[in-house]
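Ready for some practice in reading a protein structure? Work through the exercises below with the model open beside you, and try each task before you look at its solution.

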Amino acid sequence: MASVKTVGLIAGSVAVATLTFGLAFAAAPSHATVKTATVSAPTVKAHVVRVTGEDFKFTAPDVIPAGLTEFRFLNKGPALHHMQLLKLADGKTIDALRAALANPGPPPAWVKQVGGPNAPAPGLESNATVMLEPGNYALICFVDLGGPPHFMKGMVRSLRVARDNGPAATKPRTDVTATLVDYAFKLSSPIRAGTRTIRVYNAAQQPHEIELVQLAPGASVGDFTKWIEKMEGPPPGKPLGGVAGLEAGMSGYFTADFAPGNYALICFVPDAKDGKPHFVHGMMQQITVN
Ligand SMILES: [Cu+2]
């Protein structure tokens, strides 16, 4: 498949950081009145689903309930992995997906990219919160270490999302919105140091993602994308996660602990026209967190 990411990470060369992840939910005031109908709805949390990735498989539930869902993805390594969610059209199965992906070129039109936790360095956990409709999905890893992409080695797994009649979850409270366009990231405000929840919204015509990388002191986003091409020497940054590929018009959320310093936002999604990763078209941005 030509439209595969070329992200790599040298196992063991990345220090394991102590990061904590979590979502902040808006607390609804609770009060009740006798005569009027102004009863506040209680806060309902998103479902939490834990997934692990390793060389080369996912460990995940087979069936989960529909609705707002926070995926927590632990990369047990030793390679870099992410957890892209694909929604399959009605009647399509994981076997049909495998068959389609055996051919080079972009995924078939009956597959929709609906986000998921983007790649954390080995040993780290990343998260993403997305709204899931009932249906058939796949978890897939598009990461490529210069060899076959990881889904060719077994990192594709089916996930059934079943109808859920519970109350709708409260959307995460967000600190910053990152809007994805062709080919840039637009932040609604600077990201301040601390635990921050970012809403990622794809306003473009084709799929995009955010991969968040904490840059090593003195390193630039260009140093990191150059390093990816050859993967020689220690990486000049540490992947932390973000939100994997989203179709046009879709949104997702991720939460990360931002220590002061420099970070990179990068999109590796292959371009609809020329198949090159979007960072080649300029979809990479360096930000400073204070
Ligand atoms: Cu992109």
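A donor is an N, O or S atom within 2.8 Å of the metal, and water is not among the atoms, so a site may look incomplete. Keep in mind throughout that this is a predicted model.

**Exercise 1. The copper site**

Task: Find which residues coordinate the copper ion, and describe how they are placed along the chain.

Solution:
- Step 1. Start at the metal. The copper ion is coordinated by His208 through ND1, Cys267 through SG and His278 through ND1, at 1.9 to 2.1 Å.
- Step 2. Now read along the chain. The donors follow the spacing H-x58-C-x10-H.
- Step 3. Look at the pair Cys267 and His278, which are eleven residues apart. Both sit in the loop between β16 (261-266) and β17 (284-289).
- Step 4. Decide whether these two are buried or exposed. The cut-off for buried is under 20% relative accessible area. Cys267 has 0%, so it is buried. His278 also has 0%, so it is buried too.

**Exercise 2. Strand β1 and its partners**

Task: Work out with which strands β1 pairs, and in which sense.

Solution:
- Step 1. Take β1 (residues 47-54) and β4 (residues 67-75): they pair in the parallel sense over seven bridges. In this pairing, Val48 stands opposite Glu70.
- Step 2. Turn to β2 (residues 57-59). It pairs with β1 in the antiparallel sense over three bridges, and Thr52 stands opposite Thr59 there.
- Step 3. Trace the connection. A hairpin of two residues leads from β1 to β2.

**Exercise 3. The surroundings of Val156**

Task: Locate Val156 and say whether it is buried or exposed.

Solution:
- Step 1. Val156 belongs to strand β9 (residues 156-162).
- Step 2. Its relative accessibility is 8%, so Val156 counts as buried.
- Step 3. List its neighbours, leaving out residues up to four places away in sequence. Val156 touches Phe58, Ile94, Leu97, Arg98, Ala138, Leu139, Ile140 and Phe151.
- Step 4. Compare sequence with space. Val156 and Leu85 are 71 residues apart along the chain, and their C-alpha atoms are separated by 9.8 Å.

**Exercise 4. Empty space**

Task: Describe the second largest cavity and the second largest pocket by their volume and lining.

Solution:
- Step 1. Recall the idea: rolling a probe the size of a water molecule over the atoms shows where empty space is left.
- Step 2. Count the cavities. The whole structure has two of 30 Å³ or more, and the second largest holds about 40 Å³ of space.
- Step 3. Sort its lining. The residues are nine nonpolar, no polar and no charged; among them are Ala178, Ile210, Phe254 and Leu265. Both β13 (208-215) and β15 (251-258) supply at least two lining residues.
- Step 4. Move to the second largest pocket, with about 200 Å³ of space. Of its 15 lining residues, Ala66, Gly67, Asp164, Pro167 and Ala168 are the closest to its centre. This lining divides into nine nonpolar, three polar and three charged residues.

**Exercise 5. Helix α2**

Task: Name the buried residues of α2 and what covers them.

Solution:
- Step 1. In α2 (residues 221-230), the buried residues are Val221, Gly222, Phe224, Thr225, Trp227 and Ile228.
- Step 2. Their cover includes β13, β14 (237-246), β16 and β17.
- Step 3. Check what follows the helix. Just after α2, Met231 takes a positive phi of about 55°.

Key
Residues are numbered from 1 along each chain as its sequence is written. This is a predicted model: local features need pLDDT of at least 70, side-chain atom pairs count only at pLDDT 80 or more; totals for chains, interfaces and linings use all residues. Side-chain values use heavy atoms; hydrogens and water are left out. On a 1 Å grid over the protein atoms alone, a cavity is a set of points where a 1.4 Å probe fits but cannot get out, and a pocket is an open set with protein on both sides within 12 Å along at least five of seven lines; lining residues have an atom within 4 Å of a point. Grid points are joined across faces, edges and corners, and a volume is the space filled by probe spheres set on the points. Helices (H or I, at least four residues) and strands (E, at least two) are DSSP runs, numbered from the N terminus. Ala, Val, Leu, Ile, Met, Phe, Trp, Tyr, Cys and Pro count as nonpolar, Asp, Glu, Lys and Arg as charged, and the others, Gly among them, as polar. Two strands pair if DSSP finds at least two bridges between them. Buried means under 20% relative accessible area, exposed over 50%, partly exposed in between (1.4 Å probe, protein chains only). Contact means heavy atoms within 4.5 Å. Donors are N, O and S atoms within 2.8 Å of the metal (3.2 Å for Na, K and Ca); water is not among the atoms, so sites may look incomplete.
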